[in-house]
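Hi,

Here is the structure I promised to pass on. Could you load it and keep it open while you read the rest of this email?

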Number of protein chains: 2
Amino acid sequence: MATIREVARLAKVSVATVSRVTNGVAVTPANKAAVLAAIEQLDFRPNAFARSLATDRSSAIGVVVNEVTGLFSGGIVQGIESVVEKHGMHLAVSSGHRVAEKEKQAFEALSQSRADALILLVSATSDSDLIELANRDRPVVIIGRYIEELSDNCVYVDNVHGGYVATKHLIAQGHRRIAHLTGNLSIKDGRDRLEGYKTALRDAGIEFDEALIVESEFVEEGGYRGMQHLLRRGRDFTAAFAANDQSAAGALLALKENGLKVPDEVSVVGYDDLLLAKYVSPALTTVGQPYAEMGKAAAKLALSAIGISSATRIVTKFEPKLVVRESVAPYQKVAVTA
Amino acid sequence: MATIREVARLAKVSVATVSRVTNGVAVTPANKAAVLAAIEQLDFRPNAFARSLATDRSSAIGVVVNEVTGLFSGGIVQGIESVVEKHGMHLAVSSGHRVAEKEKQAFEALSQSRADALILLVSATSDSDLIELANRDRPVVIIGRYIEELSDNCVYVDNVHGGYVATKHLIAQGHRRIAHLTGNLSIKDGRDRLEGYKTALRDAGIEFDEALIVESEFVEEGGYRGMQHLLRRGRDFTAAFAANDQSAAGALLALKENGLKVPDEVSVVGYDDLLLAKYVSPALTTVGQPYAEMGKAAAKLALSAIGISSATRIVTKFEPKLVVRESVAPYQKVAVTA
DNA sequence: TTGTAAGCGTTATCAG
DNA sequence: CTGATAACGCTTACAA
């Protein structure tokens, strides 16, 4: 690959002038033309490393997510990429796999000067480690959790409100005995959604019944087992709110196996609005999150932190939104059979 | 950030020695200990650019896919990452968005010495441009298409065989009037699957009927419209093979709207085995492709091309596999009503 | 085994 | 506006 020196020689100018041309700095038209011609002829492309070494800029944004291909991290990554590529920058991605050590490894690799800023969507690393990381030299933006000390660099959605919205929708349809298949309660999202559920009940004057709660997990199997568990005790509820779509899908399956019709006999609402929500039968009423928007916001935050992109106000707190499909029906007195 | 020089000074050795320990080259134990201590104390991490500039190695693999978050490119990217990270390398990803110019832009950026090798899963770039790219300095591996001239660096699956398998399954269940909702025929995958369909019919001695073919597209809407079109003409088929799961899902919807039961009245098989195949109702019998495996193979190919990883035989041609679920039933004479 | 010093290909400073 | 030249931080002969 040709170097800047060869171009300079061919164009009969100094390397400095070539550098000026490739960086869009003013140069005599004649020189510019000569340089451009030489570049063309030699098929010269500046060496990114040398440039980065000299400028201390990689023109890359580092992204570490739980899984590159995660059902929703996918949408977020897409959002990030759309704004990053618009600014001529690149993406260096790594998966953290929800394992603290792997996440750390990914940060280190990326911040070892490969990335000008980091965007993180990770589960295993503690808040304090994240804070420590953010206090190094490169800007860090966090997606999916709110950390007080880093509040300006967090892009997140209000899970409490999400749980509230889901539950309230059920209440508005007349349901009062509403079960909740929680997510993994060691994860904050799970706790928040549960809290939203409780708040909605309280606001509606419905007494909270511990018996209607079953701690499940954020996977299909968890929803399935949770619902089985609930049903084995006798069906004393007319609706259920699952902490995510996958567990909702599992619940749907359990309901079907028990000969219960959704939504006629039991209404179900999920959370996340994954692609599957639309395909499951009946199509799932769920709470959607603006993944792409969140990714875009994170990218804008990162870009403005390194002085690129205009720094107009960037929204960092997003509201979940109810997506109505077919898995919820109004409460029907007759349906309740203990 | 501390530099190698500072470490050398603190450890009272030369920079060369420091370099040696960071690169695992033999050094006196005493020196090694001193260096390690200094590194620890200064929190030194080698500057990746300087290292790359000196070695002409980025320790990154460039990946350009149609969409980072694509329903199946996701699985492929995951496969790639799993082997790449195992070798301490990184991923630089870009989306080509199925637009020739964007794809080209992505190649250029990545090959501008940011990546030691390129893995491409792109649709818009022509074979000849790909060949040209592959003849530059960095190794290139192509996923999802077979290019004669680059045969050793292509990881692909036999779409003809996939179409064959899908159709044959239907035939084995006794169906003879089998419709085919093709994919976009300007895309090779679509043409190949159609060819497989035809071959299966021929092998079974079933006459090919142009009227049972409708060119659709690789999206839900396409499958929906295609099926509508077919039904409007009167239902003279008992089974249908859709060129991908999304169009199969659309077909399912059209069938349902027309009051036809799947699989009792019409059997359906899809292609791809996306997550939705499992959730659609009835669950879709489909043809799956080993996405993760393909990604792994591509990564191994790339790694071995740059001299990393052992070069054991790497499988590059994959066979699609039938995944049986619930959308296919044996042919029932009584069901056919023209 | 170790140290010295010459690159690696750019950018940026500073005269001119 | 242009050109020399000193960084940038690391690796790698080469010599000791």
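Below are my notes on the DNA contacts, the chain interface, the sheet and one residue in a helix.

First, a caveat: this is a predicted model, so please read every distance below as computed from predicted coordinates.

**DNA strand D**

Let's start with strand D. There are 27 residues around it, and the ones that come nearest are R20(A), T28(A), N31(A), I4(B) and R51(B). On the DNA side, sugar and phosphate make up 62% of the strand D atoms that come within 4 Å of the protein.

A few individual distances are worth pulling up in your viewer. The side chain of R20(A) has an N or O atom 2.6 Å from a base oxygen of DNA strand D. I4(B) goes to the phosphate instead, with a backbone N or O atom 2.4 Å from a phosphate oxygen of the strand. N23(B) also has a phosphate oxygen of strand D as its partner, here through a polar side-chain atom at 3.1 Å.

Which elements line this surface with at least two residues each? From chain A they are α2 (15–22) and α4 (48–55), and from chain B they are α1 (4–11), α2 (15–22) and α4 (48–55). Sorted by class, the surface near strand D comes to 13 nonpolar, 10 polar and four charged residues.

**DNA strand C**

Now the other strand. DNA strand C is surrounded by 26 residues, and the closest are I4(A), S19(A), R20(B), T28(B) and N31(B). Sugar or phosphate holds 60% of the strand C atoms within 4 Å of the protein, with bases making up the rest.

Three backbone contacts from chain A stand out in my notes:

- I4(A) places a backbone N or O atom 2.6 Å from a phosphate oxygen of DNA strand C.
- N47(A) does so at 3.0 Å, again from a backbone N or O atom to a phosphate oxygen of strand C.
- A50(A) has a base nitrogen of strand C as its partner, 3.4 Å from a backbone N or O atom.

Two or more residues of this surface come from each of α1 (4–11), α2 and α4 of chain A, and from each of α2 and α4 of chain B. The class split near strand C is 12 nonpolar, nine polar and five charged.

**Where the two chains meet**

How much area is buried between chain A and chain B? About 4,000 Å², and carbon and sulfur atoms give 54% of that. On chain A's side, F49(A), R114(A) and Y279(A) supply 19% of the area buried against chain B, more than any other three residues. Each chain puts 44 residues into the contact.

As for specific interactions, six salt bridges turn up across the interface of chain A and chain B. You can check the one that joins the side chains of K278(A) and E220(B), at 3.1 Å from N to O. There are also 12 residue pairs in polar contact between the two chains, counting pairs with both residues at pLDDT 80 or more.

The side of chain A that touches chain B gets two or more residues from each of α4, α5 (73–86), β2 (90–95), α6 (100–111) and α12 (275–279). That side divides into 17 nonpolar, 16 polar and 11 charged residues.

**A sheet across both chains**

One of those elements, β2(A), pairs with strand β2 (residues 90–95) of chain B in the antiparallel sense, over three bridges. Within that pairing, L91(A) has V93(B) as its bridge partner.

The whole sheet is open, has 12 strands and is mixed in its pairing; the order runs β11(A)-β5(A)-β4(A)-β3(A)-β1(A)-β2(A)-β2(B)-β1(B)-β3(B)-β4(B)-β5(B)-β11(B). At the edges sit β11 (317–318) of chain A and β11 (317–318) of chain B, each pairing on one side only. For a parallel pair, look at β1 (residues 60–65) and β3 (residues 117–121) of chain B, with five bridges between them; in this pair V64(B) is matched with L120(B).

**One residue in a helix**

Last stop: E257(A), found in helix α11 (residues 245–257) of chain A. Leaving out residues up to four places away in sequence, E257(A) touches Y224(A) and Q228(A). With Y224(A) the contact is polar, side chain to side chain, at 2.5 Å. Q228(A) is 29 residues from E257(A) along the chain, and their C-alpha atoms are separated by 9.4 Å.

Cheers

Technical notes: Residues numbered from 1 in each chain as written. Chains lettered and ligands numbered in written order. Predicted model: local features only at pLDDT ≥ 70, side-chain atom pairs only at ≥ 80, totals over all residues. Heavy atoms only, no water. Near = heavy atom within 4 Å. Polar contact = N/O pair within 3.5 Å; in protein donor to acceptor, adjacent residues only side chain to side chain. Helix = DSSP H or I, 4+ residues; strand = E, 2+ residues; numbered from the N terminus. Nonpolar A, V, L, I, M, F, W, Y, C, P; charged D, E, K, R; others polar. Contact = heavy atoms within 4.5 Å. Buried area = accessible area lost by both parts, 1.4 Å probe. Salt bridge = Lys/Arg side-chain N within 4 Å of Asp/Glu carboxyl O. Pairing = 2+ DSSP bridges.
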